[in-house]
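Here are my notes on the pockets, as promised. Have a look at the model first, then go through the points.

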Amino acid sequence: MSAPSITKFITKRPWLKRWMTPLANWYADAAGYRKLGLRADDLIPEESDTVMLALKRLPPKEAYDRVFRLRRAFQCSLSHQLLPKDQQTKPEEDYLYLTPIIKDIEAESRERGDLEAMVVNKRKQHKI
């Protein structure tokens, strides 16, 4: 599910982070999802089993808020309008709420795969 990312590379270098932050903010604003009241994690496609499981693990309030944001954005899209400025998602409100759960599920899946692939050898008993 997770795509390759250069985030760790950029955040380890303060000079590069200072240079990329305005560019990242501009890109997120230009994407337009905030003008519809959405967050970045609302754009993750729900087609994989990992994402479906992550959605089931969301707290009830967060799941309700997500559905509300998606329905409101759909209504705005149908009417070809943007939300008023006071209802648009502000950059500080646009935090990752689904991605940490997806990463946990992927880690659990990798661990499960490692445990299922583990071969257990019996010790041979030595005769005395």
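1. Starting with the second largest pocket: its volume comes out at about 160 Å³. Bear in mind that this is a predicted model.

2. Who sits around that space? The lining of the second largest pocket consists of G37, R39, D65, F68, R69, R72, Q87, Q88, T89 and E93. Sorted by class, that makes five charged, four polar and one nonpolar residue.

3. Now the largest pocket, which holds about 1,300 Å³ of space. Its lining counts 30 residues, and S5, I6, T7, L96 and T99 are the ones closest to the centre.

4. Which elements give two or more residues to the lining of the largest pocket? Those are α1 (7–11), α2 (14–31) and α5 (99–117). The top contributor is α2, with seven residues.

5. On chemistry, the lining of the largest pocket has 18 nonpolar residues, plus six polar and six charged ones. Set that beside the second largest pocket, where the lining has one nonpolar residue and five charged ones.

6. A word on confidence before you put a grid on anything. The mean pLDDT for the protein is 90, and 97% of the residues score at least 70. Confidence peaks in helix α4 (residues 60–79), at 96, and is lowest in α1, at a mean of 87. Keep α1 in mind for the largest pocket, as α1 is one of the elements that give two or more residues to its lining.

Key
Residues are numbered from 1 along each chain as its sequence is written. This is a predicted model: local features need pLDDT of at least 70, side-chain atom pairs count only at pLDDT 80 or more; totals for chains, interfaces and linings use all residues. Side-chain values use heavy atoms; hydrogens and water are left out. On a 1 Å grid over the protein atoms alone, a cavity is a set of points where a 1.4 Å probe fits but cannot get out, and a pocket is an open set with protein on both sides within 12 Å along at least five of seven lines; lining residues have an atom within 4 Å of a point. Grid points are joined across faces, edges and corners, and a volume is the space filled by probe spheres set on the points. Helices (H or I, at least four residues) and strands (E, at least two) are DSSP runs, numbered from the N terminus. Ala, Val, Leu, Ile, Met, Phe, Trp, Tyr, Cys and Pro count as nonpolar, Asp, Glu, Lys and Arg as charged, and the others, Gly among them, as polar. pLDDT is the predictor's confidence in each residue, from 0 to 100.
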